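Work through the exercises below with the structure open. Each task is followed by a solution in steps.

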2 protein chains.
Amino acid sequence: MSWQEYLDTHQDRFEQELLDFVRIPSVSARPEHMRDVERAARWVADRLAAAGIENAEILPTTGHPAVYGDWLHAGTDKPSVLIYGHFDVQPAEPLDLWTSPPFDPEIRDGRLWGRGASDDKGGMFIPILAAEALMAETGRLPVNVKFLFEGQEEIGSPDMPPVIAAQRNRLACDMIFSADGLQWSAQEAQIVMGLKGLMGVEITVDGAATDQHSGLHGGGINNPLMALSQLLASMKDAQTGRITIDGFYDDVIDLSDEDRAEIARVPFDEAGYLAETGAPASFGEEGYSVRERLWARPTLEINGLTGGYQGAGTKTVLPARASAKITCRLVADQDPERIAALIAAHVEAHLPPGVTAQVDRLAGDADPFLVPRGHNATRAAEEVLAETYGAAPYITRVGGSIPIMTLFLRELGVHGVMFGFSVGDENLHAPDEFFRLENFRRGQTAYCRLLEKLGG
Amino acid sequence: MSWQEYLDTHQDRFEQELLDFVRIPSVSARPEHMRDVERAARWVADRLAAAGIENAEILPTTGHPAVYGDWLHAGTDKPSVLIYGHFDVQPAEPLDLWTSPPFDPEIRDGRLWGRGASDDKGGMFIPILAAEALMAETGRLPVNVKFLFEGQEEIGSPDMPPVIAAQRNRLACDMIFSADGLQWSAQEAQIVMGLKGLMGVEITVDGAATDQHSGLHGGGINNPLMALSQLLASMKDAQTGRITIDGFYDDVIDLSDEDRAEIARVPFDEAGYLAETGAPASFGEEGYSVRERLWARPTLEINGLTGGYQGAGTKTVLPARASAKITCRLVADQDPERIAALIAAHVEAHLPPGVTAQVDRLAGDADPFLVPRGHNATRAAEEVLAETYGAAPYITRVGGSIPIMTLFLRELGVHGVMFGFSVGDENLHAPDEFFRLENFRRGQTAYCRLLEKLGG
């Protein structure tokens, strides 16, 4: 029997097991579900062992646990592959919007409905089943495999950095695949090559010691709200959308013709995009397409600004203080620390007279992430996806950050590849989350093929 | 006996009467004191009659009443003079900060302590006493005199415009003196020549229909907070402080050499000004002194600005909307309507791409006020003050607005002269308000001299 026959034969059992897995309400954001997250960890460790994975164990953290398991007998000439996913889920509220209960999942219309079915219990179960099929049919795996599953992805993985740092040797690997990822659409695959980094600052401008009367002091002293507006305006060209902070683009890796062609190949419906956001027109850095800007160019956004009187009507106050929160989305090879320093220098150089300013760092730094062209694991994943879907995957990027990917890169020195089979329309963080069983099966086949290819 | 002897002889009684007047807690802002404001109106009407003023009566309004009285037998060759003041007072809270109770006034150290002693019961009582002295000694007044006292100045005179419009014929006059005014200092007089006008708008900038994720949409659509900052920054030069709205200065009457010399003669302690406001440096329109800017140049101030996330830490939101409240202080001959139109045109012309903007007017318009050079009533007041203080009064302006002055100008066509004897350090709107009895007496003499001079 081939591994494909094994998968086909046992699909009913796999679906029942996934239903069991989804029944565990492992909501990491809710303290009352702490034991459920632990139960899910136990379920995963047991399931790894049942699949033939060795050393399956729970890794305690200062918060929700992680699970590790490995099979390392492929030989030293074979690569070591780390596979990642998470077994915690988003809160299910509001419960009354669910067609069937979030933690009493059911199968309807070829879909498995329940909280976590798609994000990421269905996703992370796939590589375990692939391993089981390969082990069952061949008694071994084509490569050395390490599994790492976490129980706190949905709350931002607060306790994972020290765990990964501490387990650096055990987690050492040649390639990383994340089973927490999205296809491009229900029938189209993608390879995510880039993620943006993140850097935040708060700028506070002070003038008078307390709010003043705008009639008695207007014209005598500067207005922190105006000075802050002038500072912020000096950071971006209103017409070209270019960020005008000295040195901001210095470390940006320019898009190559090949990069631009890949991005242009991905369908983009600008009218649909505007309808979705409700914005009257698109806007961004001159010389780049909307999608290039969204995926591959750094941005500077004011997230919030406050100062003076905010109630109804008029209050003729000349405010003492104004402040703005800014985050920049960064692309390779921009460095959060360096960008923060450039902003601070810009504020110092452009500060209007008669006020003082302070620039404070905000938490949440993330390095940008860009898979190098020709990256071995990515090439293998592309080939497998092309075989599995009958068409080359789209080569995409994401405007947001995925902290675990940058964490792996920093601690293990490896660019992870997102190799997942969920679809963005599956209500991942909303009521009526579901997972397409067709993609559940397709993913198992794809993971078997991937491991074979890597071992070949 | 001369009127000066009459005043000297009766000063004790006058002080006792002012104590009685202050005992009435005529707090216009507090509904529970409505009857007290009426009692104060009654006290004023009776006191006018006792001084020999005719037709003393209460003028009802839709809110707190006013009081009118006149003496019109000086002859048609003599001017008609309207004298204004107010008998309502500020709330007295916090009561525990008063040395003696606000409405149980007492005399200590040559000062009369109590709420309203200085603002404006002491002030408005002065011209009544001057009229009494003149009537007692000569049986007549040197000019035709009309008194108008209101009971709602401290709440912005909401019901006075229709009353003054309705009584336009009865209030018709050649000159207006306001007994609600300040000396320059305890021993120095001033003539206020100019007041600023007021105009307010709220600018709202809209982008996406709802707040968006700054990672997923940054670079795709414009950010209303950035667009608003750019719009606001485009309204004022950060270095020169000049307002850069097309046509903004068109109607401004430039300062003449004489104007500038008058302003320069008034002492100004910039270090003291900065210590008072706590601002690190003065700032304003290039080419003008601080005092010129505060008194005689129009300003544009952002009173409040809001948009996006304002809590602690970071929220990576690309806000859907941002808005700012702006007020301009205007100088003669700027027109609030025209300035509002110029701002709206500026917003339209400078609106960054990818957003929409709306400009809404805010309530509270006031026309600027500037006494014409050579104005008869002002010249007479200057001469009397010079005689009374032994030095020429400072010629000053005020950065704020005084609605009753612009209301008189609009309805009666007369530039009022502020002729008052309070001092800015007398805790006018604070605990321990007091009035210097020395200035109470000096004011009576000055009003007698003024009426005599006007009739001469």
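**Exercise 1: the two copies**

Find the operation that superposes chain A on chain B.

Solution. A rotation of 180° with 0.1 Å of shift along its axis superposes chain A on chain B, with an RMSD of 0.1 Å (least squares on the C-alpha atoms of residues with pLDDT of at least 70 in both). The two copies are therefore related as by a two-fold rotation axis.

This is a predicted model, in which local features need pLDDT of at least 70, side-chain atom pairs count only at pLDDT 80 or more, and totals for chains, interfaces and linings use all residues. Residues are numbered from 1 along each chain as its sequence is written, chains are lettered from A and ligands numbered from 1 in the order in which they are written, and side-chain values use heavy atoms, leaving out hydrogens and water.

**Exercise 2: the open sheet**

State the strand order of the six-stranded open sheet in chain A.

Solution. Step one: the order is β1-β2-β6-β3-β7-β17, with mixed pairing (strands are DSSP runs of E, at least two residues, and helices runs of H or I, at least four, numbered from the N terminus; two strands pair if DSSP finds at least two bridges between them). Step two: β1 (54-59) and β17 (416-418) of chain A are the edge strands, each pairing on one side only. Step three: β2 (residues 66-71) and β6 (residues 144-150) of chain A run antiparallel and are joined by six bridges; A:Tyr68 has A:Leu148 in β6(A) as its bridge partner.
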